[in-house]
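Let's look at a protein model together and ask how its labels are earned. Have the picture ready and follow along.

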Amino acid sequence: MGIIYFVRHPFLYPLLRARLLPVLLLSIVVLATLFIWTYLPQVAFLAIFHGRKLAWINGAFLVLGEGAAITALLFEAFFVDETLVDVFDATLIDHGCRGLVATSRLLEPEARDPVKQLGKPTTSAVYSPFSLRQIIEFILLLPFNFIPVVGTPLFLVMTGYRAGPLHHWRYFKLLGFTKKERNGFIRQRKLRYTWFGVMALLLQLLPVLSMLFLLTTAAGSALWVVKLEEKRRSTRETNDLLTGPHYEDDPQCT
């Protein structure tokens, strides 16, 4: 969904072009280095557990996973998170969620497109917080790839389970959730967050295109927010019909 939306909305393209060349070169260098120096040794090791045929496939997943972890760390040096926030916020604005975004940044309502409307943040603007714990867990989970047949799918699911909710970190901050509220919200949607995290990770494993899919994933997470906000509004309207209208200082999409 995020991929289709990104492709169909050219106002997002400048956000990709601003980072494309340096990050593309970075991805190529990281993956080329890993495949040249680590792929065959890891395939040889995996062959002990998986046999020759599966070792070649799972070895590729293992190297791509390592590349994704290293590239994610290096992406922080290129301040890509700021670009992800802009994609996320612009997508929300395009779907009428200006009030939600305005709680965290200045907006230029007269600008011609959602990206141009984005002004300076008034509070900390983070799409997904850098988590040393997540990186360590990612590395510790890599050995699951050694388990024949089920190892790689298990690795993807367990990693997605941890990473999925982080794609809505920006949303939780816009709503002003406490840690308890955030955890409760995630708990109610744990399967959906796990699936989202797995799909995001799979896209990150695609060589060279990982930067593009980082941006499309941010767009996809914002589209999910739009649906969540529509549901919240529908629930509120139903409650108003049953109990009578009441004032709530709660930004939402229109």
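Q: Which helix supplies the largest share of the lining of the second largest pocket?
A: That is α12, with six residues. Keep in mind that this is a predicted model. The helices α1 (2-8), α12 (190-204) and α13 (210-243) each give at least two residues to this lining.

Q: What makes a residue part of the lining of a pocket?
A: A lining residue has an atom within 4 Å of a point of the pocket. For the second largest pocket, of about 350 Å³, 14 residues pass that test, and Met1, Gly2, Phe196, Met199 and Gly220 are the closest to its centre.

Q: Why is Gly counted as polar when the lining residues are sorted by class?
A: The classes are set by a list, and Gly is not among the nonpolar or charged names, so it counts as polar. Sorted this way, the lining of the second largest pocket has eight nonpolar, four polar and two charged residues. The lining of the largest pocket has seven nonpolar, three polar and seven charged.

Q: What makes Tyr39, Gln42, Val43, Leu46 and His50 of helix α3 "buried"?
A: Buried means under 20% relative accessible area, and these residues of α3 (residues 39-50) are classed that way.

Q: How do you know that the buried residues of α3 line one face of the helix?
A: Seen down the helix axis, they fall within an arc of 100°, so they sit along one face. On the other side of α3, Leu40 and Ile48 are exposed, a word that needs over 50%.

Conventions. Residues are numbered from 1 along each chain as its sequence is written. This is a predicted model: local features need pLDDT of at least 70, side-chain atom pairs count only at pLDDT 80 or more; totals for chains, interfaces and linings use all residues. Side-chain values use heavy atoms; hydrogens and water are left out. Buried means under 20% relative accessible area, exposed over 50%, partly exposed in between (1.4 Å probe, protein chains only). Helices (H or I, at least four residues) and strands (E, at least two) are DSSP runs, numbered from the N terminus. The arc is that of the directions from the helix axis to the C-beta atoms. On a 1 Å grid over the protein atoms alone, a cavity is a set of points where a 1.4 Å probe fits but cannot get out, and a pocket is an open set with protein on both sides within 12 Å along at least five of seven lines; lining residues have an atom within 4 Å of a point. Grid points are joined across faces, edges and corners, and a volume is the space filled by probe spheres set on the points.
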